[in-house]
Amino acid sequence: MTEQQIKRVVIAGGGTAGWMTAAALAKMVMPAGVSVTLVESEAIGTVGVGEATIPPITKFNTQLGIDEHTFVRETQATFKLGIEFADWGGLGESYFHPFGRYGFDLEGVEFHQYWSRLKSLGDAHGLADYSLNTLAAYTGKFLRPEPDHGAVIGQLGYAYHFDAGLYAAFLRRFAEDLGVTRIEGRIEEVEQDSGSGLITALSLDHDRRIEGDLFIDCTGFRGLLIDGAMASAHKDWSHWLPCNRAVAVACEKQGEPLPYTRSTAREAGWQWRIPLQHRIGNGYVYCDQHLSAEQAEETLLGSLDGAPVSSPNHLRFRTGHREEFWAGNCVAIGLSSGFLEPLESTSIHLIHMGIAKLVSLFPRSADAPVERAEYNRLMTDDFTHVRDFLILHYKATKRDDAPFWDYVREMDIPDSLAGKLELLKSQGRFFKYDAELFDVTSWLAVAEGQGWGPQGFNPIASGLSEANLKGSLANMRTSYAKAAQAMPTHQAYIDRFCKAAPISFATEPA
Ligand SMILES: Cc1cc2nc3c(=O)[nH]c(=O)nc-3n(C[C@H](O)[C@H](O)[C@H](O)COP(=O)(O)OP(=O)(O)OC[C@H]3O[C@@H](n4cnc5c(N)ncnc54)[C@H](O)[C@@H]3O)c2cc1C
């Protein structure tokens, strides 16, 4: 077996991507004798947005050994049970995409097949009546599910809303505690070997130079290494996801924080509302072919819950990803690797996925074609799966009140999505391909919520007698309603468990 030749990892950039990568490598890779150095520039700063997450983030923090309540306190986080979508299917309509599943399967048959059958018999109860996440969200409740809480509470899935700046600072403390070296400075040049093209060093301002064996590009949309030096092409998906700009602003909080994100469809895109403990994050994601920056800002500022506490931050982006996420000895993680609008809060998750795959495929030498090819294949799959789920939100609309909605309603969709939708729409059949992120609950929530739900049910759901079917589903509804009622309020949970004095990190003995 060849000796490990990667001894020095250099991370360029210290936003959410940079510090998540640094923290994970500190925990997982440094013990194998690899040093980690991170370069960032306070003068350049970070993108300054990115506050809503999805449930796998809890696993990322757990793997690092981070105490959840400390994390919630230190990042002004709140708990997120799902996303409310308003005005997406049609103006005046809304639905909830929950992070916990719907109902219980019976006799080995999926719950939603029984629900479809009951619906075909004229029953009007919606999927939300079988979702603890939805009932808890709309009554402002939260409880972290513990093993002894029983099967109903056990279905509760959750993620967080947090202050992105505080999260990066939190992870920085964690990573530095474990030995990551941070260098403040501006990267001015990327040095490459003239023969192999591999990156050898980063030249910084004030005549400084950092050599490395493996380089992680976390420089955000700039993609200094992956785009600039390695010239990895960009695969463009903007014909399916045409939003290309956003304006973000924070406002004062009003009352207790809701345990969910709200996404409201607007004239040429959509607006997010993300409640934190100390403020509310807001933004309008839009397509500049249909709306000017001034109009977007005016709409956003005119629809805040409280007074703004920051200046509007205007951002441009391109939807798609790098053809090669890993090129030569450079791995792009975060915005440098690609971007899909934050409609389902997936960017930080894609950072997590990039890190997890890098750790699994951590190379022995700077040139690692086998690991590189597999990494690129897996990340392309991850981006493609998320892309299809996002397109569903746009395609499955009845809105015809603005040219933007006419375009997305009538556009062609990828074959991968068309096939999936056909199966789902006919009889609620759904299969997860490869390591696909969103499961049947998510697809059902959005499809049904926007009027594209199953038209029929799998015939095997006829196995239960009608009386048994009605009784079983009525019992489920009662159990969910009672469980939601008994839960503490979201604010009470935060006050009770997440408000104690800060706990400093203790570096565990090796
Ligand atoms: C409008 C919008 C809303 C979003 N909302 C969400 C959301 O709700 N949920 C979610 O999961 N994600 C969201 N995202 C994505 C999320 O913000 C990013 O995935 C996340 O912040 C990671 O960014 P980053 O670290 O890759 O880049 P950045 O935050 O831009 O960090 C780049 C780093 O590189 C450094 N750098 C750049 N150039 C140099 C240089 N020359 N020398 C030295 N250092 C340099 C910078 O100083 C900075 O430290 C959103 C993104 C946008 C645009």
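**View 1. The shell around the ligand mixes 17 nonpolar, 14 polar and four charged residues.** Welcome to a predicted model, seen here around its ligand. In total, 35 residues surround the ligand. The closest of them are Gly14, Val49, Ala52, Ile187 and Ile348.

**View 2. Backbone atoms of Gly14, Thr16 and Ile187 meet the ligand.** Let us look at the polar atoms here. From Gly14, a backbone N or O atom sits 2.9 Å from an oxygen atom of the ligand. Thr16 likewise places a backbone N or O atom 3.3 Å from an oxygen atom of the ligand. For Ile187 the partner is a nitrogen atom of the ligand, 2.8 Å from a backbone N or O atom of this residue. The ligand would expose 1,000 Å² if taken alone, and the protein buries 98% of that.

**View 3. Helices α1 and α10 each give two or more residues to the shell around the ligand.** The first to find is α1, spanning residues 16–28, and then comes α10, spanning residues 347–360. With three residues, α10 provides the largest share of the shell.

**View 4. Arg273 in strand β15 pairs with Asp305.** Strand β15 covers residues 269–275, and Arg273 is found in it. Arg273 counts as buried because its relative accessible area is 12%, under the 20% cut-off. Its side chain makes a polar contact with the side chain of Asp305, at 2.7 Å. Beyond its neighbours within four places in sequence, Arg273 is in contact with Leu258, Tyr260, Thr261, Arg262, Ile280, Gly281 and Asn282, as well as Asp305.

Definitions and conventions
Residues are numbered from 1 along each chain as its sequence is written. This is a predicted model: local features need pLDDT of at least 70, side-chain atom pairs count only at pLDDT 80 or more; totals for chains, interfaces and linings use all residues. Side-chain values use heavy atoms; hydrogens and water are left out. A residue is near a molecule or strand if one of its heavy atoms lies within 4 Å of it. A polar contact is a pair of N or O atoms within 3.5 Å; within protein, one must be able to donate a hydrogen and the other to accept it, and residues adjacent in sequence count only if both atoms are side-chain atoms. Accessible areas come from the Shrake-Rupley method with a 1.4 Å probe; for residues, only the protein chains shown count as cover. Helices (H or I, at least four residues) and strands (E, at least two) are DSSP runs, numbered from the N terminus. Ala, Val, Leu, Ile, Met, Phe, Trp, Tyr, Cys and Pro count as nonpolar, Asp, Glu, Lys and Arg as charged, and the others, Gly among them, as polar. Buried means under 20% relative accessible area, exposed over 50%, partly exposed in between (1.4 Å probe, protein chains only). Contact means heavy atoms within 4.5 Å.
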